[in-house]
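Trainee: I have a chain open on the screen. Please take me through its fold, one question at a time.

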Amino acid sequence: MLYPGPIVVIGCSQGGVLALRDLTGALDPRWRTSVFITIHIGRRESYLPELLNQRCPMPVLHARNREMIERGRVYVAPPDRHLCIEPGYMRLRGSCAPLRGAWRPSLDAKSPSLL
């Protein structure tokens with residue numbers, strides 16, 4: 001099944017956390033889209049969903065492997081995992097693929113399923 005709605009994809013480095021907080025805090029839940037965020041966090045523990053949930057009117061959570069995508073949610077790439085959206089399916093896929101540049105997750109990770 002093709003994904004039935006619009007998506008927004010956001011990427012930044014570690015210095016972008018405050019901008020992400022402001023941006024997600026301004027989201028309108030009536031928009032009914034899905035938002036995907038990748039930030040260069042590396043292997044560190046990430047509290048980004050908890051931080052963004054303080055201001056974001058939509059639920060923010062770490063993406064889980066093969067999770068069904070739901071409208072009105074914000075998905076964050078978990079630490080040390082690339083986040084890829086499978087074409088044609090309403091699923092998320094985390095992959096512990098090779099580093100892209102010096103990062104995992106990476107903003108421009110390539111997945112064989114996207115070719």
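**Strand pairing and charged contacts**

Mentor: Start with a pairing in this predicted model. Strand 1 (residues 7-12) lies parallel to strand 2, and 6 bridges join the two. Between them the chain passes through helix 1 (residues 17-25), and this β-α-β crossover is right-handed.

Trainee: Which residue of strand 2 is the bridge partner of Gly11?

Mentor: Strand 1 and strand 2 pair in the parallel sense. Within that pairing, Ile10 stands opposite Ile37. For Gly11, the bridge partner in strand 2 is Thr38.

Trainee: In what order do helices and strands follow each other along the sequence?

Mentor: The chain has 2 helices and 6 strands. Read along the sequence, the pattern is β-α-β-α-β-β-β-β.

Trainee: How many residues of strand 2 are buried?

Mentor: Take the two sides in turn. Ser34, Phe36 and Thr38 point one way, and all are buried. Val35, Ile37 and Ile39 point the other way, and these are buried too. Strand 2 (residues 34-39) is therefore largely enclosed by the rest of the structure, with a buried count of 6 of the 6 residues.

Trainee: What share of the residues in the chain is buried?

Mentor: Buried means under 20% relative accessible area. The chain has 115 residues, and the buried share is 43%.

Trainee: Which residue in strand 4 does Val35 stand opposite?

Mentor: Strand 2 also pairs with strand 4 (residues 74-76). The two run parallel, joined by 3 bridges. Opposite Val35 in strand 4 stands Val74.

Trainee: Is Val74 buried or exposed?

Mentor: Look at its contacts, leaving aside residues up to four places away in sequence. Val74 touches Leu27, Val35, Ile37, Cys56, Met58, Pro59, Val60 and Leu61. Its relative accessible area is 0%, so Val74 is buried.

Trainee: How many Å separate the C-alpha atoms of Val74 and Phe36?

Mentor: Val74 sits in strand 4. Phe36 belongs to strand 2. Along the chain, Val74 and Phe36 are 38 residues apart. Their C-alpha atoms are separated by 5.9 Å.

Trainee: What part of the contacts with a separation of 6 or more joins residues 24 or more positions apart?

Mentor: Contact means heavy atoms within 4.5 Å. Of the contacts in the chain with a separation of 6 or more, residues 24 or more positions apart account for 61%.

Trainee: How many disulfides does a search of the whole structure find?

Mentor: Cys12 is buried, because its relative accessibility is 14%. Cys56 is buried as well, at a relative accessible area of 8%. A disulfide needs two cysteine sulfur atoms within 2.5 Å. Searching the whole structure gives a disulfide count of 0.

Trainee: Now the charged side chains. Which residue forms a salt bridge with Arg30?

Mentor: Side chains of opposite charge can pair when their charged atoms come close. Arg30 is exposed, at 69% relative accessibility. In its salt bridge the N to O distance is 2.8 Å, and the partner is Asp28.

Trainee: Is Asp28 buried or partly exposed?

Mentor: Buried means under 20% relative accessible area, and exposed means over 50%. Asp28 has 31%, so it counts as partly exposed.

Trainee: Which residue forms a salt bridge with Arg64, and is that partner buried or exposed?

Mentor: Arg64 is exposed, at 55% relative accessibility. Its salt bridge to Glu67 has closest N and O atoms 3.5 Å apart. Glu67 has a relative accessible area of 11%, so the partner Glu67 is buried.

Trainee: How far apart are the closest N and O atoms of Arg73 and Glu70?

Mentor: Arg73 is partly exposed, with a relative accessible area of 24%. Glu70 is also partly exposed, at 38%. Their side chains form a salt bridge, and the closest N and O atoms are apart by 3.2 Å.

Trainee: What is the count of salt bridges?

Mentor: Those named include Arg30 with Asp28 and Arg73 with Glu70. A pair counts when a side-chain nitrogen of Lys or Arg is within 4 Å of a carboxyl oxygen of Asp or Glu. By this rule the salt bridge count is 4.

How values were computed: Residues numbered from 1 in each chain as written. Predicted model: local features only at pLDDT ≥ 70, side-chain atom pairs only at ≥ 80, totals over all residues. Heavy atoms only, no water. Helix = DSSP H or I, 4+ residues; strand = E, 2+ residues; numbered from the N terminus. Buried < 20%, exposed > 50% of the residue type's maximum accessible area, 1.4 Å probe, protein only. Pairing = 2+ DSSP bridges. Right-handed = clockwise from strand over helix to strand, strands pointing away.
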